[in-house]
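Me: I should be grateful for a close look at a single part of this model. Please treat the aromatic contacts there in one connected account.

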Amino acid sequence: MKKVGVAILGLGVVGGGTYQILTSHREFYRRTQDVDIEVVSVLELNRDRALALGVPEEKIASNIAEVVSDPEVNIVVEVIGGVNAAREFVLAALNAGRTVVTSNKELFCKYSHELERAAKRHNAGLYFEASCVGGVPIIRTLLDGVQANEISSMIGIINGTTNYILTKMYEEGTSYEDCLKEAQRLGYAEADPTADVEGFDAAYKLSILSSLAFHTKVPFAKVFREGITGITKEDIADGRKLGYVVKLLAIGKQSDAGIEVRVHPAFVRMGHPLASVGDSFNAVFVTGDAVGDIMLYGRGAGALPTGSAIVSDIIYAATHSENKYSTFKNTAGADKDVKFVSDFESAYYMRMTVEDRPGILAKISTVFGKHGVSIVELMQKPAPAEGKVRLAIVTHTTREFSVRAAVAKINTFEDVAHVDAVLRVIS
Ligand code: HSE
């Protein structure tokens with residue numbers, strides 16, 4: 001039976017989960033995959049953590065050089081996160097001809113061209129299923145499951161922390177700040193939650209997924225990004241009344257006009273398959289020209305779900321003699337022939353505070369009319385301030401730049417009318 005030695009760099013949450021799966025399932029993989037996968041080395045500065053997980057003392061390496069020069073190591077798992085040390089360690093492993101499995105979305109998003117070049121040069125594999133949507137096998141689906149199709153769109157909830165916060169805000173009617181604190185208490189959100197709540201994490205993942213889906217490099221810089229920190233209880237309550245739930249969406253589309261990639265919170269119509277994806281769960285809805293719509297759903301984070309993706313990559317690498325690389329030209333930037341759409345089409349929700357007197361609605365409608373923005377629904381409620389009202393407006397499908405121009409114009413009316421929130425709407 002083929003024997004494969006694995007080294008794990010970092011025994012944090014995901015590294016610990018990976019170690020646990022590999023050790024508890026060793027016999028199972030021998031029986032079902034005909035391969036004997038053994039963890040032969042770990043690199044973890046906190047030795048007590050490694051020992052507590054049951055790693056034998058002699059398997060704890062002291063530095064990366066020791067790991068990559070160990071002849072027993074065939075596959076190196078990088079789960080330390082961040083980009084600086086991770087990049088150095090992954091390059092060291094690839095340059096030593098070791099296959100690398102990584103969960104590091106930021107690293108892969110920013111440096112996949114460099115890492116893949118090193119992997120190819122040294123005939124090493126480079127696998128990254130765990131970098132996007134944790135345990136949900138979206139990367140293998142795009143590479144091996146729906147490769148018969150031209151993919152026209154992908155819409156996903158690909159960040160669990162923000163989905164947890166938005167679900168709590170919806171269910172409990174509490175503020176963003178309170179739900180963030182709860183997410184931090186439960187270990188979903190980090191002490192510095194910026195990467196999740198400002199949409200960076202989802203944007204890294206969308207850059208990777210859309211490069212695979214659309215077979216061309218979609219750099220991070222091309223992803224429009226807006227986080228959830230501005231979402232208020234009022235927006236959630238308006239959404240509920242109008243029949244929507246707020247989700248942080250990652251949207252990738254490809255059409256004759258070009259590629260459109262964006263991460264932002266949106267009103268999702270109740271009844272849409274993504275509306276019922278709650279708590280910290282993730283889901284991705286993919287549309288291909290032959291298969292039609294498919295949806296993948298599951299846990300996008302956590303020790304065992306992300307460990308599941310890592311171990312699946314290890315098994316793939318251990319059981320295939322040919323390495324599989326990305327299916328697009330993996331360059332640092334976008335191909336010069338590819339167009340990116342920033343003036344995308346969407347319906348919109350707007351919340352505004354306006355003076356409660358005759359003529360104001362007409363004034364606002366005139367601005368919308370001039371910019372080709374047409375209203376579908378309007379809800380009026382008293383505002384906290386005397387003599388003001390709150391308006392919640394939903395528009396027909398229009399263009400992003402038209403809405404931005406209309407909002408900028410309305411905001412010049414100063415205390416007569418002010419747009420407090422703008423969210424895109426998905427039906
Ligand atoms: N922090 C991410 C999330 C998991 O909340 O979904 C890792 O990408």
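Reply: The account below concerns helix 11 and the aromatic residues associated with it. The model is a predicted one.

Helix 11 comprises residues 200–214. Its 15 residues should span 21 Å at 1.5 Å a residue, and the end C-alpha atoms are 21 Å apart, so expectation and model agree. The helix is mostly covered, with 14 of its 15 residues buried. Just after helix 11, His215 adopts a positive phi of about 55°.

Ten aromatic pairs are present in the structure. One of them joins Tyr204 to Phe220: the ring centres are 4.8 Å apart and the planes meet at 35°. Because planes under 30 degrees apart count as stacked and those over 60 as edge-to-face, this pair is classed as tilted. Tyr204 belongs to helix 11, whereas Phe220 lies in the loop between that helix and strand 8 (224–225); the pair therefore ties together parts that are 16 residues apart in sequence.

The two partners differ in their surroundings. Tyr204 has a relative accessible area of 9% and is buried, while Phe220, at 22%, is partly exposed. The cut-off for buried is under 20%, which is why Phe220 does not fall in that class. Together with Phe200, Tyr204 and Phe220 form one aromatic cluster.

Aromatic rings elsewhere in the model have charged partners. The charged end of Arg240 sits over the ring of Tyr170, 4.0 Å from the ring centre. Likewise, Arg262 places its charged end over the ring of Phe344, 4.0 Å from the centre.

Key. Residues are numbered from 1 along each chain as its sequence is written. This is a predicted model: local features need pLDDT of at least 70, side-chain atom pairs count only at pLDDT 80 or more; totals for chains, interfaces and linings use all residues. Side-chain values use heavy atoms; hydrogens and water are left out. Rings of Phe, Tyr and Trp (its six-membered ring) pair if their centres lie within 6.5 Å; planes under 30 degrees apart count as stacked, over 60 as edge-to-face and the rest as tilted. Helices (H or I, at least four residues) and strands (E, at least two) are DSSP runs, numbered from the N terminus. Buried means under 20% relative accessible area, exposed over 50%, partly exposed in between (1.4 Å probe, protein chains only). A charge sits over a ring if NZ of Lys or CZ of Arg is within 6 Å of the ring centre and within 35 degrees of the ring normal. The expected span of a helix is 1.5 Å times one less than its number of residues.
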